[in-house]
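Here's a walk through a two-chain model, written for someone who'd rather look at residues than statistics. Keep the viewer open as you read.

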Amino acid sequence: MAGRARAAVWLQIATHVHARDGVGLDYTRSEIAKLAALTQTTPTDDIALRVSPEDALIPKAVVGAASEGTSPVALIERRVEFRGNAREYFNIWIVNVALTLLTLGVYSAWAKVRTRRYLYGSVWLVGAPLDYQAKPLPILVGRAIGFVLFLAYVLGGRISPEFGLITPGVIALLAPWLIVRGLRFRARYSAWRGLNFGFAGSVGQSYVVFLLNYLLMPLSLGFAYPYIRAKQRHFVIAQHRFGSQHFAFDATVGDFYPIYLAAWALAFLGYLGLVGVMAVATRGWGVTGVWLALIASYFLYFSAFVYIAARVANLTFNKMRVGAMRFRSNVRARDLAGLYLGNTVAILLTLGLAVPWAVVRMARYRATQLVALVPEDLSGFVADSAVTEGAIGAEVADSFDVGVGI
Amino acid sequence: MSTIEGWFYDGRQADGVPVRVTMRNGALCVEGEGVTRVWALSQVEPTTRVANTRRVLHLPHRQQVHTDDNDAVDTWFPARAPLERLVARLEHHPAVVAGSIVLILATLIGAFWWGVPWFALKLAQAMPPEVERPLGEQTLSSLDLWGFEPSELSARRIDRLNERFDELVRNLDHADRYRLEFRRADMPNAFALPGGIVVVTDELAELLTNDQITAVIAHEIGHHVHRHVMRQVLQGSAVAVAVSLITGDAASASGAVTTIPIMLLESGYSRDFEREADAYAISRLPEVGLSPHHFADALRALREHASADSESDEAGIAGYLSTHPATEERIRAAEQPAPAPD
């Protein structure tokens with residue numbers, strides 16, 4: 001009897017807590033029915049009402065076409081939540097960094113897995129957290145190879161300068177391959193609700209978007225840059241899948257150009273202003289003027305950078321589809337600027353101890369600005385046959401910092 | 001016998017089934033709508049605990065049970081992954097956390113104070129001249145492009161200063177790598193470029209006597225002897241890499257945010273270099289028959305020039321950006337009586 005009462009309370013919590021603030025319910029329709037069955041209570045009108053799209057507690061049932069040729073599916077807004085906190089993450093982070101130092105870096109693979117598992121496990125969507133499943137040992141092997149390559153680069157550069165000059169070229173040639181390996185590994189060991197993600201991008205395609213396309217830069221005097229970025233993002237997102245369901249990315253190259261052109265205009269204004277003030281300053285405007293100009297131009301460059309980061313993040317999520325699932329992202333450049341500045345100042349003042357706090361702050365902000373539009377039940381997502389990926393590519397990519405983030 | 005709540009995922013689709021999970025007679029029992037399963041404990045592979053994040057029990061055929069009841073899972077599987085359980089416990093231990101903070105801060109400070117400079121020194125000493133020389137030539141030619149003019153000093157003056165220069169480098173290792181260059185610029189200055197180049201501006205030559213210039217050149221040669229230029233470059237990049245690694249994702253590794261702190265850290269290093277170069281000049285000058293007082297006089301003349309200038313507020317920015325230690329301190333060091341030779 002006690003068990004049944006407890007389960008009933010559990011059901012109450014499950015169906016009410018996250019409806020409280022009016023954005024979505026935590027479970028799918030079939031899950032709520034099964035929850036009710038488990039507690040041996042029939043779904044009350046109350047619950048039935050709450051899962052129906054007409055209910056006021058569910059703010060918007062957006063009707064969107066899942067894909068061409070299929071009937072429209074009712075999508076419910078569900079908040080993406082980051083449930084981690086800085087205190088917990090600090091404890092995990094600091095102990096794992098200390099162990100890494102004490103083991104001269106060997107433990108770093110375990111540290112990476114633990115910190116990532118905390119961060120992934122803190123991101124909740126439709127009543128379930130993300131799950132990072134990678135094992136430390138393959139990561140360690142990958143890191144060891146990366147470290148050896150890095151040593152070869154440093155020592156080789158000392159022995160013969162030609163070697164030092166060739167190595168960056170070799171890394172550039174390997175980068176597209178490393179990027180694909182890294183994406184594949186990360187996707188393969190990320191899961192949600194018992195299904196794994198996957199990345200199917202081909203190495204050949206990667207060479208086109210991450211290497212060959214850069215040949216357009218000199219030809220176009222740099223104006224191909226937004227095109228290159230658009231193609232890279234398209235490659236990275238559209239080749240992902242969740243279970244057997246492929247991601248789609250609807251953003252066109254034309255969506256990227258306005259963002260970059262606006263940012264360039266901002267940076268150019270900053271440059272003009274700097275040159276102008278410098279010219280005035282040398283005619284007796286004084287040191288203060290030069291400093292003000294430096295700070296102002298720095299601020300403009302920073303604004304341009306943050307503007308691109310915010311707009312591209314929004315574009316990425318807003319134009320991304322996974323089956324019928326969509327996202328709506330509302331990251332604002334000025335929020336991002338505040339976060340970046342605050343985080344950097346805090347990290348530098350604490351000699352790095354504020355890193356966990358900064359990471360949590362950023363993750364929480366990104367989650368609060370993100371809403372998922374999810375079909376009522378997730379039965380459309382089914383598993384794909386499993387493949388194991390080696391970590392070597394992912395970790396070598398980490399060592400040379402050629403990774404790409406979504 | 002305890003019962004916990006969880007979710008069962010069959011590994012084939014994303015909809016989960018809410019279930020009750022019990023441990024009975026060494027077997028894991030999972031019951032829910034349409035799910036009644038039993039697994040032997042040996043078939044269950046639980047993930048290790050990370051704070052209170054949701055725990056996953058991996059089952060055969062990619063099936064999973066997820067639960068938030070971390071304590072129950074720990075009780076049910078006491079012997080799994082002992083090392084990682086230890087780490088999970090350490091993460092909760094205040095003394096361990098405090099010890100980690102101390103260890104990390106000590107390592108970081110040690111690395112910046114001793115590690116980076118030591119590593120940069122070893123690397124700079126091993127750097128072949130073929131790498132350094134083009135770097136210096138390139139810098140000089142870009143300086144020429146950006147506003148340096150050919151020197152207008154008399155050929156006699158240049159010859160005299162070159163003689164002094166040769167005298168200063170004569171018995172150094174690789175004396176043939178050193179070279180003195182003259183340029184007209186906007187302010188009195190002298191500096192060392194990679195590959196043994198020392199540049200003296202006409203304005204400096206107009207401000208100082210030949211003895212004083214020789215003292216300044218000795219200071220610049222000190223930068224070369226101690227490999228300061230390459231060490232500066234290497235330390236700078238080490239600091240840049242470290243700062244971007246530490247700030248990482250949280251602050252975005254963009255150069256935009258991290259440039260200023262990197263500059264500040266670098267200027268700390270270069271102060272030490274100035275002191276080292278001063279010390280070199282002070283000990284080297286008597287060997288070519290000059291008193292270190294000439295160096296002190298040169299510093300005084302430069303200081304007067306700078307303060308006269310900053311009243312007209314033109315080159316005062318040089319004072320702001322200067323990485324030289326307090327001039328008074330340097331003058332005093334140069335005027336101290338030389339230690340008696342053993």
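Is Gln212(B) buried or exposed? Gln212(B) is buried, at a relative accessible area of 12%; buried here means under 20% relative accessible area, exposed over 50%, and partly exposed in between, using a 1.4 Å probe and protein chains only. You'll find Gln212(B) in helix α7 (residues 210–225) of chain B. Leaving out residues up to four places away in sequence, Gln212(B) touches His294(B), Asp297(B) and Ala298(B), where a contact is heavy atoms within 4.5 Å.

Some ground rules before going on. This is a predicted model, in which local features need pLDDT of at least 70, side-chain atom pairs count only at pLDDT 80 or more, and totals for chains, interfaces and linings use all residues. Residues are numbered from 1 along each chain as its sequence is written, chains are lettered from A and ligands numbered from 1 in the order in which they are written, and side-chain values use heavy atoms, with hydrogens and water left out.

**The two chains**

Helices (H or I, at least four residues) and strands (E, at least two) are DSSP runs, numbered from the N terminus. Accessible areas come from the Shrake-Rupley method with a 1.4 Å probe, and for residues only the protein chains shown count as cover.

| Chain | Helices and strands | Buried residues | Accessible surface | Carbon and sulfur share |
|---|---|---|---|---|
| A | 15 helices, 12 strands | 47% of 406 residues | about 18800 Å² | 67% |
| B | 12 helices, 11 strands | 47% of 342 residues | about 17200 Å² | 57% |

Look at contacts with a separation of 6 or more: residues 24 or more positions apart account for 71% of them in chain A and for 57% in chain B.

**Helix α4 of chain B**

Helix α4(B) covers residues 129–145, and its 17 residues should span 24 Å at 1.5 Å a residue; the end C-alpha atoms are 24 Å apart, which agrees. (The expected span is 1.5 Å times one less than the number of residues.) Within α4(B), Glu132(B), Gly136(B) and Leu140(B) are buried. They cover an arc of only 65 degrees around the axis, so they sit on the same side of α4(B); the arc is that of the directions from the helix axis to the C-beta atoms. Turn to the other side and you get Glu130(B), Gln138(B) and Leu145(B), which are exposed. Just after the helix, Gly147(B) takes a positive phi of about 125 degrees.

**Salt bridges**

A salt bridge is a side-chain nitrogen of Lys or Arg within 4 Å of a carboxyl oxygen of Asp or Glu. By that rule there are 28 over all chains.

One of them pairs Asp144(B) with Arg183(B), with the closest N and O atoms 2.7 Å apart. Asp144(B) is in helix α4 and Arg183(B) in strand β9 (residues 179–184) of chain B, so the pair ties together parts 39 residues apart in sequence. Asp144(B) is partly exposed at 30% relative accessibility, whereas Arg183(B) is buried at 12%.

Then there's Glu274(B) with Arg330(B), at 4.0 Å, N to O. This pair links helix α9 (residues 255–284) to helix α12 (residues 327–335) of chain B, 56 residues apart. Both Glu274(B) and Arg330(B) are buried.
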